Every structure is written in structure tokens, then in C-alpha cells.
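Visitor: Good morning. I am new to this one and would like a short tour, please.
Guide: Certainly; here it is.

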Amino acid sequence: MFIGRLLLILVLAFLLYRLVRFLLRLPGGTVRPSFPRAGGTPPKSEDMVKDPCCGVYIPVSEAKCLVVGGKRVYFCSNECMEEFRKSRNV
Ligand SMILES: [Zn+2]
């Protein structure tokens, strides 16, 4: 009888140990991406702009910006920007 109770206590202690370990592992245990962006819609700030020099479309964040007569003009590279500057004499 005594051994039976001891065994029960041991089993309960083991289960409690497993439960504590499980609870401790929960936060940050599994790595979940906070922003599942792969294949999703691009952020709104990523507007596509046209390079007037070579006609290529680039996202605003990657484009080179030049202000011409108070108007923003975007380019895919410094080379295109220089070429545009030369042609416009800015
Ligand atoms: Zn270009």
C-alpha cells in the first residue's frame, strides 16, 4: 500500500515536472516569423516609380531621387540620374 502511494507521488511529480518544462518552453520555444511576408502583398510604402531615363520601374525605397523643378524624379541608378541631369542641364 505504501509503495503504491509512493509510486503515485512519483508519477504525479514526473507529470508536474513535464508540465513545468512544457510551460517553460512555450514562450520563444518555437520560432515563428512575426511578419509572414513571403509571397504576401508588398508593403504600401513600396510604390513603383518609373525611371525616365531607361524606362525601368523600381520600388521607391531603392530608387535614386532627384528633385527637378520641385518635382521628384526617380532613377534606378546613379548612372541614369547623371545622364538625366546632363540631358536636362540640371
Ligand atoms: Zn535607369
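Guide: The conversation below goes through the chain as a whole, and then its parts.

Visitor: What kind of model is this?
Guide: This is a predicted model.

Visitor: How many helices and strands does the protein chain have?
Guide: The secondary structure comes to two helices and four strands. Along the sequence, these elements follow the pattern α-β-β-β-β-α.

Visitor: What share of the residues counts as buried?
Guide: Of the 90 residues in the protein chain, 7% count as buried.

Visitor: And what about contacts between residues far apart in sequence?
Guide: Among contacts with a separation of 6 or more, residues 24 or more positions apart account for 18%.

Visitor: Let us turn to helix H1. How many of its residues are buried?
Guide: The number is zero out of 24, so H1 lies largely in the open.

Visitor: Does its length make sense? What span should H1 have?
Guide: H1 covers residues 2-25, and at 1.5 Å a residue its 24 residues should span 34 Å. The C-alpha atoms at its ends are 35 Å apart, which agrees with that expectation.

Visitor: Now the strands. In which sense do E3 and E4 pair?
Guide: Strand E3, residues 64-68, and strand E4, residues 71-75, pair in the antiparallel sense over five bridges. The two strands form a hairpin, with two residues between them.

Visitor: Which residue in that turn has a positive phi?
Guide: That is Gly 69, whose phi is about 60°.

Visitor: Which residue of E4 does Lys 64 stand opposite?
Guide: Lys 64, which belongs to strand E3, stands opposite Phe 75 in E4.

Visitor: Is Lys 64 buried, exposed or partly exposed?
Guide: Lys 64 has 17 C-beta neighbours inside 10 Å, so this residue counts as partly exposed; a buried residue would need 20 or more.

Visitor: What does Lys 64 touch further along the chain?
Guide: Leaving out residues up to four places away in sequence, Lys 64 touches Tyr 74, Phe 75, Ser 77, Asn 78 and Met 81. Lys 64 and Met 81 are 17 residues apart along the chain, and their C-alpha atoms are separated by 7.4 Å.

Visitor: Which residues form the largest nonpolar core?
Guide: That core has six residues: Ala 63, Val 73, Tyr 74, Phe 75, Cys 80 and Met 81. E4 and helix H2, residues 78-88, each supply at least two of them. E4 gives the most, with three residues.

Visitor: One last point: what does Cys 80 touch?
Guide: Not counting residues up to four places away in sequence, Cys 80 touches Asp 51, Cys 53, Cys 54 and Phe 75. Phe 75 is also a member of the largest nonpolar core.

Notes: Residues are numbered from 1 along each chain as its sequence is written. This is a predicted model: local features need pLDDT of at least 70, side-chain atom pairs count only at pLDDT 80 or more; totals for chains, interfaces and linings use all residues. The expected span of a helix is 1.5 Å times one less than its number of residues. A residue is buried if 20 or more other C-beta atoms lie within 10 Å of its own, exposed if 12 or fewer, and partly exposed in between; C-beta atoms are placed from the backbone. Two strands pair if DSSP finds at least two bridges between them. A nonpolar core is a set of buried Ala, Val, Leu, Ile, Met, Phe, Trp, Tyr and Cys residues joined through C-beta atoms within 7 Å. Two residues are in contact if their C-beta atoms, placed from the backbone, lie within 7 Å.
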